Amino acid sequence: MTLIYRFCARLALVGSIVLCAPAAWALPTFAQVRQDYQPSDTLILSREGEVLQRLRTDATVRRGQWVPLADVSPALRQALVLSEDKRFFEHSGVDWRAASAAAWGNLWNQRTRGASTITMQLAGLLDGDWRQGPGGRTVVQKLGQTVAAQVLDRRWRKDQILEAYLNLVPFRSELVGIDALSRTLFGKAAHGLDDREAAVAAALVRAPNARPALVAQRACGVLRDMQASVSTSPLQRRAKGAAPAAGLPVDCDALEFFTTAALQRRAFDASEGVAPHFARHLLRQRFKDGVVPERVPSTLRAPLQRFAVQSLQQHLRELRGRNVEDGAVLVLDNATGAVLAWVGSSGALSQASEVDGVLALRQPGSTLKPFLYAQAIAEQRLTAASLVHDSPAQITTASGLYIPQNYDRQFKGWVSVRTALAASLNVPTVRALVMVTPDAFHRQLAGVGLPLRESGDYFGYSLALGSPEVPLLHLTNAFRTLANGGRASAVAVAADAKPLFTPALDARAAFIVGDILSDGNARARTFGTDSVLATRFWSAVKTGTSKDMRDNWAVGWSQRYTVGVWVGNASGAAMHDVSGTSGAAPIWAAVMGFLHAREPGPAPRPPVGLVRAPVRFGPAPLAPAGSPPLEAARDEWFVPGTQQALFAIDSIAYSAYAERARGQKDKKSSVGSATTASAATAATVITTGARITAPAPGTVVALDPDIPPARQRLHLRASGQGLYWRMDGKPLGRGPQVAWLPWPGRHVIQITDAAGTVLDEVRIEVRGAGVLPGAAPGR
């Protein structure tokens, strides 16, 4: 029998050397195999080198990270060797004893265990010519695999062979390598596998796609072999500390239940970490050809990213009772444009966690106002001290009358541009857009990186209040343009990117707007003096809320950083009772505070050419002598040539301005007549020339079911004395002004004198469903 074994071995060796030696010696080294290994996942690293996100990038196979042999559990190493190659540490790549036994068994049609060693299997994994096909391996393949195994054993160490095999062997379905297997089926790293899990893994090597019952049966045999081994055997001495099994009897029924459950588990998620949306964006931007490396460095700061995620989730939990579940945070470095934090959603709090809120198109609301005022200041149409009228305005457009309203449905009268912008007053902003024109403002927005899909005429005067849709990424970078003195550059996601700046805004106007948005006193009329927007360092910030309370924003900057925050619902559902200071602003303030916890935040230096001069303001027009000024005297910044010492409105200018603000209206003159003595006596004042000044004829009012009824009252105004109001022929009130809660339909509004004579009338239309209780709009 011994002579037969030797003869077969020598014959196989000679034939294999002749036929397959060249291909066998071309096998790669261990270092080459390790270098060429490509996981199906990519690791996104922070600038500190910390792993922030693991993202699957290869959908054809499931490979984890390369696992060193020292990080594989001793139980798995023992189970694999006992199951696949008991004399692995003794032979030289080919187990000739097992091969001879297999050949003898095949000769007599006896069922024997295969003679393929771990080294031979690894040779087949490294060279596809030697892999087993559907009909098994050919004689040439077997000979080549034999030679290759001996070459590997001479050139590689045993631990390298075992390490490469564990990382390259297919286990089940798409799972390749021990890392993918252990994380998918057992939900843990390879170093944590116990005896039972190791036995199942070893059983899958021989039959990757077998039924769970068959896998469990083979795993039971492996587990018995593990328990039967003794600690003094050469195998365990070489297995680097594998502890002997406890010797307890194996419960194969329980093992079958465990195996069935494990084979159904899919614990290895396609993405894991704190920056999933940024990771996808980074890979799309940098690797458009599809070749993605194993590790990709990024610009993110790991501590900042984790803090931004935590702050967003914590604040949204506090707002859950107000129907808010989504949000996004973006932090940019002013100097380089590098993304320091990118939080695309609230994660588990959201029903649409895969939607990236940083890239989603949403209405920006009042956050576009700084760019409009900067343009008006640069064009010398306005200064920070110019007086603008916050009063009812009816602007005629091609599609009808546009009637802007303020957040609180109240008007402040004459205010400076500084107050109008800082307090986020809507009507003065629309008046500023009338000066600039929608088309010119549209071009300015494109210049700061906010390209809109439609033209300025499409949006009309609503462009001033943020009616278009923009992503948080572009909006935050546009505010970074203000922080950089009007210079714009692209956002950077790669660590080695260099900014390329282009002029987009007048540097002097950008500085003035930043000075206004950092002025806590100027914003006090709307936000109060103790607003969450106030920081202990210099910062400028603007909030915004879109129509129907669907989007809430806070975007601002310090000398070094620009931070943008959006909260709302990815579904487009309206929030309830969320304002500019209760929605996004607390998150913005928290992130800004984290950034400057150990960094100073000095105020920026004014650009060359700005003029700072003292200004004072006159009293309100038509006010009695000795009335206080409209605003307190102060020092103000001016573009050269626009400064002046006094800003006041006289009665003549006031009348002309108010007349223009009302828009076009057919003027009527009704003269009241005293028909009887009693009527003349009842009318203490005979009213002549009385007219309805608001609303204008033909006004269309659209009701919003998300706004409380008290906030949607229509204020009816008229000039004259002794006036009585009628709505559709029914008495409504008396005096120069009354408030009416609109209701759908066409209505006739009339004013009469005490005798009931109609002095003026207008017809309006109210559209929309009945008013329902809801939430007030934000700032």
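Axes here are lines fitted to C-alpha atoms, for helices over the stretch in contact, and angles run from 0 to 180 degrees between N-to-C directions. This is a predicted model, where local features need pLDDT of at least 70 and side-chain atom pairs count only at pLDDT 80 or more, while totals for chains, interfaces and linings use all residues. Residues are numbered from 1 along each chain as its sequence is written, and side-chain values use heavy atoms, with hydrogens and water left out.

**View 1. Helices H10 and H12 cross each other.** Helices (H or I, at least four residues) and strands (E, at least two) are DSSP runs, numbered from the N terminus. The axes of H10 (residues 212-228) and H12 (residues 252-264) come within 9 Å and cross at roughly 125 degrees. That makes the pair oblique; angles under 35 degrees count as roughly parallel, over 145 as roughly antiparallel, 65 to 115 as roughly perpendicular, and the rest as oblique. The crossing is right-handed, meaning that the near helix is turned clockwise from the far one by less than a right angle (anticlockwise would be left-handed). Look for contacts, that is, heavy atoms within 4.5 Å: on the H10 side they include Pro212, Ala216 and Arg224, and on the H12 side they include Cys252, Leu255 and Leu263.

**View 2. Glutamate 84 sits in helix H3.** H3 covers residues 74-84, and 10 of its 11 residues are buried, so the helix is largely enclosed by the rest of the structure. Buried means under 20% relative accessible area, exposed over 50%, and partly exposed in between (1.4 Å probe, protein chains only). Glutamate 84 itself has a value of 11% and is buried. Its side chain makes a polar contact with the side chain of serine 83, at 3.4 Å. A polar contact is a pair of N or O atoms within 3.5 Å; within protein, one must be able to donate a hydrogen and the other to accept it, and residues adjacent in sequence count only if both atoms are side-chain atoms.

**View 3. Serine 546 is tucked into a loop between two strands.** The strands on either side are E16 (540-545) and E17 (551-557). With 5% relative accessibility, serine 546 counts as buried. Its side chain makes a polar contact with the side chain of aspartate 551, at 2.8 Å. Not counting residues up to four places away in sequence, serine 546 touches Gln363, Gly365 and Asp551.

**View 4. Glutamine 559 lies in the loop between E17 and E18.** At 40% relative accessibility, glutamine 559 is partly exposed. Here's a nice bit of folding: glutamine 559 and glycine 601 are 42 residues apart in sequence, yet 6.2 Å apart in space, C-alpha to C-alpha. Leaving aside neighbours within four places in sequence, glutamine 559 is in contact with Asn334, Trp538, Pro602 and Ala603.

**View 5. Three loops hold some backbone oddities.** Most residues other than glycine have a negative phi, and most peptide bonds are trans. Asparagine 323, though not a glycine, has a positive phi of about 60 degrees; this residue is in the loop between H14 (302-318) and E8 (326-333). Serine 424 also has a positive phi, about 55 degrees, and lies between H16 (417-422) and H17 (426-436). At 6% relative accessibility, serine 424 is buried, while asparagine 323, at 31%, is partly exposed. Finally, the peptide bond from alanine 694 to proline 695 is cis, with omega near 0 degrees.
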